[in-house]
Amino acid sequence: MKRTSRDIRTANRYEVLRQIIAESPTSRQELAAATGLSLATVATLVGELLDLRMITEVGFEDSAGGRPRGLVAVNASGGALIGVDIAETYVHVELFDLALNVLARAEEDVRPGESRPEQVVGHVAAALGSVVAQAGIEGARVLGVGVSVPGQVDRATGISEYAPNWDWHDVPLLDLLTEHIAYPLYLDNPLRACAVAELWFGAARGRGNAVVVNLGTGVGAGLVLGGALHRGVSNSAGEWGHTTIVLDGRLCHCGNHGCVETYVGAPGIMLNLRELSPRSTLLHPEDQTATIDALSRGVLAQDPVALKVVRDTARYLGAGIADLVNLFNPEVVVLSSWVAATLGEPLVAEVREAVARHALPRPMAATEIVLSPIPTDPVCLGAATFALEGALQSVGPRNGKRTTPARSRTAPPS
Ligand SMILES: [Zn+2]
(Lines give C-alpha, C1' and ligand atoms only; values in the text may rest on other atoms or scores of the structure.)
Protein backbone atom coordinates (compact mmCIF):
# COMPACT_ATOMS: atom_id res chain seq x y z
CA MET A 1 0.00 0.00 0.00
CA LYS A 2 1.23 3.47 -0.91
CA ARG A 3 1.49 5.96 1.92
CA THR A 4 0.05 9.25 0.80
CA SER A 5 1.01 12.61 2.29
CA ARG A 6 -2.38 12.54 4.00
CA ASP A 7 -1.54 9.20 5.67
CA ILE A 8 1.72 10.66 6.93
CA ARG A 9 0.00 13.79 8.23
CA THR A 10 -2.60 11.64 10.01
CA ALA A 11 0.12 9.44 11.51
CA ASN A 12 2.05 12.48 12.75
CA ARG A 13 -1.08 14.09 14.18
CA TYR A 14 -1.92 10.84 15.94
CA GLU A 15 1.60 10.53 17.36
CA VAL A 16 1.52 14.09 18.71
CA LEU A 17 -1.91 13.55 20.29
CA ARG A 18 -0.74 10.23 21.76
CA GLN A 19 2.19 12.02 23.42
CA ILE A 20 -0.09 14.73 24.78
CA ILE A 21 -2.51 12.11 26.19
CA ALA A 22 0.40 10.23 27.78
CA GLU A 23 2.09 13.33 29.18
CA SER A 24 -0.17 16.32 29.87
CA PRO A 25 0.66 19.15 30.19
CA THR A 26 3.54 19.35 27.78
CA SER A 27 5.23 21.88 25.52
CA ARG A 28 5.76 21.92 21.76
CA GLN A 29 9.50 21.58 22.41
CA GLU A 30 8.99 18.43 24.48
CA LEU A 31 6.66 17.04 21.82
CA ALA A 32 9.27 17.64 19.12
CA ALA A 33 11.88 15.84 21.22
CA ALA A 34 9.56 12.91 21.97
CA THR A 35 8.28 12.41 18.40
CA GLY A 36 11.40 13.32 16.40
CA LEU A 37 9.31 15.77 14.34
CA SER A 38 10.54 19.32 13.67
CA LEU A 39 9.33 22.08 15.96
CA ALA A 40 7.59 23.72 12.98
CA THR A 41 5.70 20.52 12.15
CA VAL A 42 4.72 20.03 15.78
CA ALA A 43 3.50 23.64 15.97
CA THR A 44 1.25 23.08 12.93
CA LEU A 45 -0.13 19.80 14.30
CA VAL A 46 -0.74 21.32 17.73
CA GLY A 47 -2.64 24.13 15.97
CA GLU A 48 -4.84 21.58 14.21
CA LEU A 49 -5.54 19.70 17.45
CA LEU A 50 -6.41 23.02 19.16
CA ASP A 51 -8.82 23.82 16.29
CA LEU A 52 -10.41 20.39 16.76
CA ARG A 53 -10.73 21.19 20.50
CA MET A 54 -9.04 17.91 21.31
CA ILE A 55 -6.39 19.80 23.30
CA THR A 56 -6.26 23.15 25.10
CA GLU A 57 -3.66 25.74 26.05
CA VAL A 58 -3.01 25.53 29.79
CA GLY A 59 -0.49 28.27 30.56
CA PHE A 60 3.28 28.61 30.40
CA GLU A 61 6.38 27.13 31.93
CA ASP A 62 9.66 28.96 32.46
CA SER A 63 12.50 27.85 30.27
CA ALA A 64 15.84 28.72 31.83
CA GLY A 65 16.36 32.32 30.66
CA GLY A 66 14.47 31.89 27.36
CA ARG A 67 10.92 32.81 26.43
CA PRO A 68 8.30 31.03 28.52
CA ARG A 69 7.01 27.94 26.74
CA GLY A 70 3.29 27.49 26.08
CA LEU A 71 1.84 24.31 27.55
CA VAL A 72 -0.91 22.20 26.07
CA ALA A 73 -2.98 19.39 27.59
CA VAL A 74 -5.56 16.96 26.34
CA ASN A 75 -9.10 18.38 26.50
CA ALA A 76 -10.72 15.41 28.23
CA SER A 77 -14.23 16.68 27.58
CA GLY A 78 -13.51 17.44 23.94
CA GLY A 79 -15.13 14.20 22.78
CA ALA A 80 -15.93 10.65 23.75
CA LEU A 81 -14.62 7.35 22.41
CA ILE A 82 -16.15 3.91 22.77
CA GLY A 83 -14.25 0.62 22.88
CA VAL A 84 -16.01 -2.70 22.31
CA ASP A 85 -14.48 -6.04 23.31
CA ILE A 86 -16.40 -8.89 21.70
CA ALA A 87 -15.17 -12.17 23.18
CA GLU A 88 -16.47 -15.73 23.02
CA THR A 89 -18.08 -15.51 26.48
CA TYR A 90 -18.89 -11.80 26.90
CA VAL A 91 -19.25 -8.41 25.29
CA HIS A 92 -17.66 -5.52 27.21
CA VAL A 93 -18.27 -1.92 26.16
CA GLU A 94 -16.54 1.07 27.76
CA LEU A 95 -17.01 4.77 27.07
CA PHE A 96 -13.97 7.01 27.51
CA ASP A 97 -13.26 10.72 27.55
CA LEU A 98 -10.46 12.01 25.33
CA ALA A 99 -7.88 11.46 28.07
CA LEU A 100 -9.02 7.81 27.91
CA ASN A 101 -10.54 7.78 31.38
CA VAL A 102 -13.46 5.34 31.62
CA LEU A 103 -16.76 7.21 32.08
CA ALA A 104 -19.15 4.25 31.77
CA ARG A 105 -19.07 0.53 31.18
CA ALA A 106 -21.52 -2.24 30.35
CA GLU A 107 -21.23 -5.98 30.05
CA GLU A 108 -23.36 -8.64 28.38
CA ASP A 109 -22.83 -12.37 28.82
CA VAL A 110 -22.62 -14.39 25.63
CA ARG A 111 -23.91 -17.84 26.46
CA PRO A 112 -22.79 -20.99 24.68
CA GLY A 113 -24.74 -21.31 21.44
CA GLU A 114 -25.32 -17.55 21.19
CA SER A 115 -22.61 -17.00 18.64
CA ARG A 116 -24.62 -16.15 15.52
CA PRO A 117 -23.56 -12.75 14.15
CA GLU A 118 -27.03 -11.21 14.72
CA GLN A 119 -26.99 -12.34 18.36
CA VAL A 120 -23.54 -10.89 18.96
CA VAL A 121 -24.52 -7.63 17.24
CA GLY A 122 -27.61 -7.45 19.49
CA HIS A 123 -25.41 -7.67 22.59
CA VAL A 124 -23.08 -4.96 21.28
CA ALA A 125 -25.97 -2.61 20.43
CA ALA A 126 -27.56 -3.09 23.88
CA ALA A 127 -24.33 -2.49 25.80
CA LEU A 128 -23.45 0.49 23.63
CA GLY A 129 -26.84 2.11 24.24
CA SER A 130 -26.29 1.55 27.95
CA VAL A 131 -22.90 3.31 28.17
CA VAL A 132 -24.08 6.34 26.21
CA ALA A 133 -27.12 6.65 28.50
CA GLN A 134 -25.04 6.12 31.68
CA ALA A 135 -22.48 8.74 30.66
CA GLY A 136 -25.30 11.17 29.87
CA ILE A 137 -23.52 12.60 26.87
CA GLU A 138 -24.91 13.82 23.60
CA GLY A 139 -24.44 11.35 20.79
CA ALA A 140 -22.75 14.05 18.74
CA ARG A 141 -19.78 14.00 21.13
CA VAL A 142 -18.98 10.36 20.35
CA LEU A 143 -16.10 10.56 17.89
CA GLY A 144 -16.14 6.87 17.08
CA VAL A 145 -16.46 3.28 18.20
CA GLY A 146 -13.56 0.82 18.00
CA VAL A 147 -14.72 -2.78 17.83
CA SER A 148 -12.48 -5.74 18.62
CA VAL A 149 -13.61 -9.15 17.42
CA PRO A 150 -11.61 -12.39 17.72
CA GLY A 151 -9.97 -13.85 14.65
CA GLN A 152 -8.89 -12.48 11.31
CA VAL A 153 -10.28 -9.07 10.44
CA ASP A 154 -10.18 -6.95 7.28
CA ARG A 155 -10.07 -3.42 8.67
CA ALA A 156 -10.75 -1.71 5.35
CA THR A 157 -13.94 -3.65 4.53
CA GLY A 158 -15.08 -4.28 8.11
CA ILE A 159 -15.36 -8.01 7.47
CA SER A 160 -14.65 -10.67 10.08
CA GLU A 161 -12.90 -13.03 7.71
CA TYR A 162 -12.44 -15.95 10.04
CA ALA A 163 -13.26 -16.51 13.72
CA PRO A 164 -12.36 -20.15 14.40
CA ASN A 165 -14.13 -20.46 17.77
CA TRP A 166 -17.45 -19.42 16.20
CA ASP A 167 -16.84 -20.85 12.76
CA TRP A 168 -17.51 -17.41 11.25
CA HIS A 169 -16.39 -16.98 7.66
CA ASP A 170 -16.57 -13.59 5.90
CA VAL A 171 -19.17 -12.06 8.20
CA PRO A 172 -19.85 -8.40 7.19
CA LEU A 173 -19.75 -7.38 10.84
CA LEU A 174 -19.42 -3.63 10.35
CA ASP A 175 -22.41 -3.54 8.00
CA LEU A 176 -24.46 -5.50 10.56
CA LEU A 177 -23.39 -3.15 13.37
CA THR A 178 -24.14 -0.11 11.19
CA GLU A 179 -27.81 -1.12 11.13
CA HIS A 180 -27.94 -0.41 14.88
CA ILE A 181 -25.14 2.07 15.55
CA ALA A 182 -24.95 5.58 14.12
CA TYR A 183 -21.34 6.40 15.08
CA PRO A 184 -18.29 5.84 12.89
CA LEU A 185 -17.08 2.28 13.46
CA TYR A 186 -13.58 0.82 13.26
CA LEU A 187 -12.97 -2.92 13.35
CA ASP A 188 -9.87 -4.83 14.46
CA ASN A 189 -8.99 -7.78 16.69
CA PRO A 190 -8.01 -8.21 20.35
CA LEU A 191 -4.34 -8.91 19.60
CA ARG A 192 -3.97 -5.46 18.07
CA ALA A 193 -6.10 -3.81 20.76
CA CYS A 194 -4.17 -5.39 23.68
CA ALA A 195 -0.83 -4.45 22.17
CA VAL A 196 -1.79 -0.79 21.73
CA ALA A 197 -3.24 -0.62 25.25
CA GLU A 198 0.04 -1.89 26.72
CA LEU A 199 2.06 0.43 24.49
CA TRP A 200 0.10 3.53 25.55
CA PHE A 201 -0.76 2.81 29.17
CA GLY A 202 0.65 -0.52 30.30
CA ALA A 203 3.79 -2.60 30.63
CA ALA A 204 5.07 -1.77 27.12
CA ARG A 205 4.99 2.01 27.66
CA GLY A 206 8.24 3.59 26.55
CA ARG A 207 9.49 0.25 25.23
CA GLY A 208 10.30 -0.51 21.63
CA ASN A 209 9.84 -4.28 21.56
CA ALA A 210 7.09 -6.12 23.39
CA VAL A 211 4.93 -9.20 23.02
CA VAL A 212 1.44 -9.13 24.52
CA VAL A 213 0.17 -12.67 25.02
CA ASN A 214 -3.61 -12.71 24.98
CA LEU A 215 -5.00 -15.58 27.06
CA GLY A 216 -8.74 -15.97 26.77
CA THR A 217 -10.95 -18.51 25.05
CA GLY A 218 -8.68 -18.01 22.07
CA VAL A 219 -5.04 -17.07 22.37
CA GLY A 220 -2.63 -15.01 20.31
CA ALA A 221 0.24 -12.55 20.53
CA GLY A 222 0.10 -8.81 19.89
CA LEU A 223 3.47 -7.61 18.61
CA VAL A 224 5.14 -4.26 19.19
CA LEU A 225 8.30 -4.06 17.10
CA GLY A 226 10.51 -1.00 16.80
CA GLY A 227 8.05 1.05 18.87
CA ALA A 228 5.06 0.37 16.61
CA LEU A 229 2.28 -2.15 16.29
CA HIS A 230 3.23 -4.93 13.87
CA ARG A 231 0.27 -6.02 11.72
CA GLY A 232 1.97 -8.03 8.98
CA VAL A 233 1.03 -7.67 5.32
CA SER A 234 -2.63 -8.69 5.74
CA ASN A 235 -3.30 -7.77 9.41
CA SER A 236 -2.73 -11.40 10.46
CA ALA A 237 0.54 -11.20 12.41
CA GLY A 238 0.58 -12.73 15.87
CA GLU A 239 -1.61 -15.79 15.28
CA TRP A 240 0.63 -17.65 17.68
CA GLY A 241 -2.35 -19.58 19.10
CA HIS A 242 -2.46 -21.53 15.84
CA THR A 243 1.19 -22.50 15.76
CA THR A 244 1.90 -26.15 16.46
CA ILE A 245 3.17 -27.12 19.89
CA VAL A 246 2.35 -30.86 19.79
CA LEU A 247 2.69 -32.80 16.52
CA ASP A 248 -0.52 -34.77 15.90
CA GLY A 249 -1.91 -33.26 19.11
CA ARG A 250 -5.44 -32.11 19.99
CA LEU A 251 -7.78 -31.15 17.17
CA CYS A 252 -8.17 -27.35 16.90
CA HIS A 253 -11.17 -25.37 15.59
CA CYS A 254 -8.90 -24.15 12.81
CA GLY A 255 -8.65 -27.69 11.43
CA ASN A 256 -5.07 -28.37 12.45
CA HIS A 257 -3.80 -30.53 15.27
CA GLY A 258 -1.72 -29.56 18.29
CA CYS A 259 -2.15 -25.76 18.15
CA VAL A 260 -0.95 -23.77 21.21
CA GLU A 261 -4.54 -22.61 21.76
CA THR A 262 -5.82 -26.17 22.30
CA TYR A 263 -3.58 -26.48 25.41
CA VAL A 264 -3.64 -22.97 26.93
CA GLY A 265 -6.91 -21.35 25.82
CA ALA A 266 -9.75 -21.63 28.38
CA PRO A 267 -11.29 -24.73 26.71
CA GLY A 268 -7.78 -26.24 26.49
CA ILE A 269 -7.20 -25.65 30.21
CA MET A 270 -10.57 -27.32 30.90
CA LEU A 271 -9.37 -30.31 28.90
CA ASN A 272 -6.07 -30.34 30.86
CA LEU A 273 -8.20 -30.55 34.01
CA ARG A 274 -10.56 -33.20 32.61
CA GLU A 275 -7.65 -35.41 31.51
CA LEU A 276 -6.04 -35.14 34.96
CA SER A 277 -9.19 -35.55 37.04
CA PRO A 278 -12.33 -36.33 35.02
CA ARG A 279 -14.70 -35.97 37.98
CA SER A 280 -13.06 -32.94 39.60
CA THR A 281 -15.49 -30.56 41.30
CA LEU A 282 -13.40 -27.75 39.81
CA LEU A 283 -14.76 -28.65 36.39
CA HIS A 284 -17.89 -26.80 35.29
CA PRO A 285 -18.75 -28.37 31.96
CA GLU A 286 -19.85 -25.79 29.34
CA ASP A 287 -18.79 -22.91 31.62
CA GLN A 288 -15.26 -21.65 30.93
CA THR A 289 -15.50 -18.69 33.30
CA ALA A 290 -16.70 -20.78 36.26
CA THR A 291 -13.98 -23.40 35.68
CA ILE A 292 -11.13 -20.88 35.46
CA ASP A 293 -12.50 -19.10 38.58
CA ALA A 294 -12.61 -22.45 40.42
CA LEU A 295 -9.03 -23.24 39.39
CA SER A 296 -7.88 -19.85 40.64
CA ARG A 297 -9.53 -20.39 44.04
CA GLY A 298 -8.12 -23.93 44.11
CA VAL A 299 -4.58 -22.67 43.60
CA LEU A 300 -4.95 -20.19 46.46
CA ALA A 301 -6.24 -23.04 48.67
CA GLN A 302 -3.27 -25.24 47.60
CA ASP A 303 -5.61 -27.79 46.01
CA PRO A 304 -3.22 -30.35 44.42
CA VAL A 305 -5.34 -30.83 41.28
CA ALA A 306 -5.62 -27.07 40.65
CA LEU A 307 -1.87 -26.62 41.23
CA LYS A 308 -1.07 -29.42 38.79
CA VAL A 309 -3.41 -28.05 36.08
CA VAL A 310 -1.86 -24.59 36.34
CA ARG A 311 1.64 -26.10 36.23
CA ASP A 312 0.78 -28.26 33.19
CA THR A 313 -0.75 -25.28 31.42
CA ALA A 314 2.33 -23.19 32.26
CA ARG A 315 4.58 -25.86 30.72
CA TYR A 316 2.84 -25.47 27.35
CA LEU A 317 2.79 -21.71 27.72
CA GLY A 318 6.46 -21.70 28.67
CA ALA A 319 7.50 -23.58 25.54
CA GLY A 320 5.29 -21.40 23.33
CA ILE A 321 6.39 -18.11 24.90
CA ALA A 322 10.06 -19.18 24.69
CA ASP A 323 9.54 -19.35 20.90
CA LEU A 324 8.28 -15.75 20.98
CA VAL A 325 11.25 -14.69 23.13
CA ASN A 326 13.74 -16.35 20.77
CA LEU A 327 12.01 -14.95 17.68
CA PHE A 328 11.41 -11.34 18.73
CA ASN A 329 13.91 -10.66 21.54
CA PRO A 330 11.36 -8.45 23.38
CA GLU A 331 12.01 -6.30 26.45
CA VAL A 332 8.77 -7.44 27.97
CA VAL A 333 6.23 -10.23 27.56
CA VAL A 334 2.86 -9.18 28.95
CA LEU A 335 0.22 -11.75 29.89
CA SER A 336 -3.18 -10.22 29.19
CA SER A 337 -6.91 -11.00 28.95
CA TRP A 338 -9.29 -12.71 31.35
CA VAL A 339 -7.62 -16.10 31.82
CA ALA A 340 -4.30 -14.43 32.72
CA ALA A 341 -6.04 -11.92 34.99
CA THR A 342 -8.00 -14.67 36.79
CA LEU A 343 -5.10 -17.09 37.33
CA GLY A 344 -2.80 -14.16 38.11
CA GLU A 345 0.66 -14.30 39.72
CA PRO A 346 0.65 -18.07 40.48
CA LEU A 347 0.38 -18.69 36.72
CA VAL A 348 3.00 -16.04 35.87
CA ALA A 349 5.50 -17.50 38.35
CA GLU A 350 5.13 -20.97 36.76
CA VAL A 351 5.36 -19.47 33.27
CA ARG A 352 8.59 -17.60 34.09
CA GLU A 353 10.26 -20.84 35.20
CA ALA A 354 9.00 -22.75 32.19
CA VAL A 355 10.10 -20.08 29.69
CA ALA A 356 13.57 -20.03 31.26
CA ARG A 357 13.89 -23.77 30.60
CA HIS A 358 13.19 -23.34 26.85
CA ALA A 359 14.42 -19.90 25.75
CA LEU A 360 17.99 -19.10 24.81
CA PRO A 361 19.86 -17.40 27.68
CA ARG A 362 20.68 -14.17 25.84
CA PRO A 363 17.15 -13.11 24.79
CA MET A 364 15.78 -14.56 28.06
CA ALA A 365 18.09 -12.32 30.11
CA ALA A 366 16.68 -9.24 28.34
CA THR A 367 13.02 -10.17 28.87
CA GLU A 368 10.66 -9.45 31.71
CA ILE A 369 7.47 -11.53 31.98
CA VAL A 370 4.64 -9.66 33.69
CA LEU A 371 0.88 -9.55 34.09
CA SER A 372 -0.90 -6.68 32.36
CA PRO A 373 -1.02 -3.78 34.86
CA ILE A 374 -4.05 -2.20 33.14
CA PRO A 375 -6.86 -2.21 35.71
CA THR A 376 -9.74 -2.12 33.21
CA ASP A 377 -10.38 -4.18 30.07
CA PRO A 378 -7.28 -3.55 27.91
CA VAL A 379 -9.12 -4.61 24.76
CA CYS A 380 -11.76 -1.86 25.22
CA LEU A 381 -8.98 0.66 25.82
CA GLY A 382 -7.07 -0.43 22.72
CA ALA A 383 -10.23 -0.48 20.62
CA ALA A 384 -10.99 3.10 21.75
CA THR A 385 -7.57 4.20 20.46
CA PHE A 386 -8.53 2.78 17.05
CA ALA A 387 -11.58 5.03 17.11
CA LEU A 388 -9.36 7.97 18.02
CA GLU A 389 -7.02 7.17 15.13
CA GLY A 390 -10.02 6.93 12.81
CA ALA A 391 -11.42 10.24 14.03
CA LEU A 392 -8.11 11.96 13.28
CA GLN A 393 -8.10 10.42 9.82
CA SER A 394 -11.53 11.82 9.04
CA VAL A 395 -10.59 15.47 9.47
CA GLY A 396 -8.78 17.45 6.82
CA PRO A 397 -5.80 19.79 7.19
CA ARG A 398 -6.02 22.98 9.23
CA ASN A 399 -8.70 25.34 7.91
CA GLY A 400 -9.64 22.68 5.38
CA LYS A 401 -13.03 21.08 5.01
CA ARG A 402 -13.99 18.06 7.04
CA THR A 403 -13.75 15.02 4.85
CA THR A 404 -15.86 11.90 4.92
CA PRO A 405 -14.91 9.49 7.69
CA ALA A 406 -12.97 6.46 6.53
CA ARG A 407 -15.84 4.26 7.61
CA SER A 408 -19.19 5.61 8.61
CA ARG A 409 -22.87 4.83 8.28
CA THR A 410 -22.68 5.06 4.55
CA ALA A 411 -20.26 2.84 2.74
CA PRO A 412 -17.18 4.66 1.49
CA PRO A 413 -16.88 5.22 -2.27
CA SER A 414 -15.10 2.25 -3.81
ZN1 LIG B 1 -5.49 -23.93 15.47
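These are my notebook entries on backbone details, helices and one sheet in a predicted model.

**Ground rules.** I number residues from 1 along each chain as its sequence is written, and I use heavy atoms for side-chain values, with hydrogens and water left out. Because the model is predicted, I ask for pLDDT of at least 70 for local features and count side-chain atom pairs only at pLDDT 80 or more, while totals for chains, interfaces and linings use all residues.

**Entry 1, backbone.** I looked up the peptide bond from Ser24 to Pro25 and found it cis, with omega near -5°. Pro25 belongs to the loop between α1 (5-22) and β1 (26-27); here I take helices (H or I, at least four residues) and strands (E, at least two) as DSSP runs, numbered from the N terminus.

I then noted Arg53, which is not a glycine and yet has a positive phi of about 60°. Arg53 sits in the loop between α3 (39-51) and β2 (55-61), and I list Arg53 as exposed because its relative accessibility is 60%. My cut-offs are buried under 20% relative accessible area, exposed over 50%, and partly exposed in between (1.4 Å probe, protein chains only). Asp248, also not a glycine, has a positive phi of about 60°; its place is the loop between β14 (228-229) and α7 (261-264), and at 74% relative accessibility Asp248 counts as exposed.

**Entry 2, Thr35.** I found Thr35 in helix α2 (residues 28-35), where it counts as buried at 19% relative accessibility. The side chain of Thr35 reaches the backbone oxygen of Leu31 at 2.7 Å. Leaving aside neighbours within four places in sequence, I record contacts (heavy atoms within 4.5 Å) from Thr35 to Glu15, Val16, Gln19 and Val42.

**Entry 3, Leu176.** I placed Leu176 in helix α5 (residues 173-178) and noted it as partly exposed, with a relative accessible area of 23%. Not counting residues up to four places away in sequence, Leu176 touches Pro117, Val121 and Val171.

**Entry 4, the sheet.** I traced an open sheet of five strands in the order β14-β13-β12-β15-β16, with mixed pairing, where two strands pair if DSSP finds at least two bridges between them. β14 and β16 (368-371) stand at the edges with a single partner strand each, so one side of each is left without a neighbour in the sheet. Strand β12 (residues 210-215) and strand β15 (residues 332-336) pair in the parallel sense over five bridges, and Val212 has Val334 as its bridge partner in β15.

I also looked at what lies across this sheet. Helix α6 (residues 190-201) crosses β12, β13 (219-225), β14 and β15 and runs at about 45° to β13, whereas α11 lies across β12, β15 and β16, at about 160° to β16. For these angles, axes are lines fitted to C-alpha atoms, for helices over the stretch in contact, and values run from 0 to 180 degrees between N-to-C directions.

**Entry 5, helix α11.** I checked the span of α11 (residues 338-358): its 21 residues put the end C-alpha atoms only 25 Å apart, short of the 30 Å that a straight helix would reach at 1.5 Å a residue, the expected span being 1.5 Å times one less than the number of residues. I located a bend of about 100° at Gly344, with a proline, Pro346, following within four residues; the bend is the angle between axes fitted to the seven residues ending there and the seven starting there. Among the buried residues of α11 I list Trp338, Leu343, Gly344 and Leu347.

Technical notes: Polar contact = N/O pair within 3.5 Å; in protein donor to acceptor, adjacent residues only side chain to side chain.
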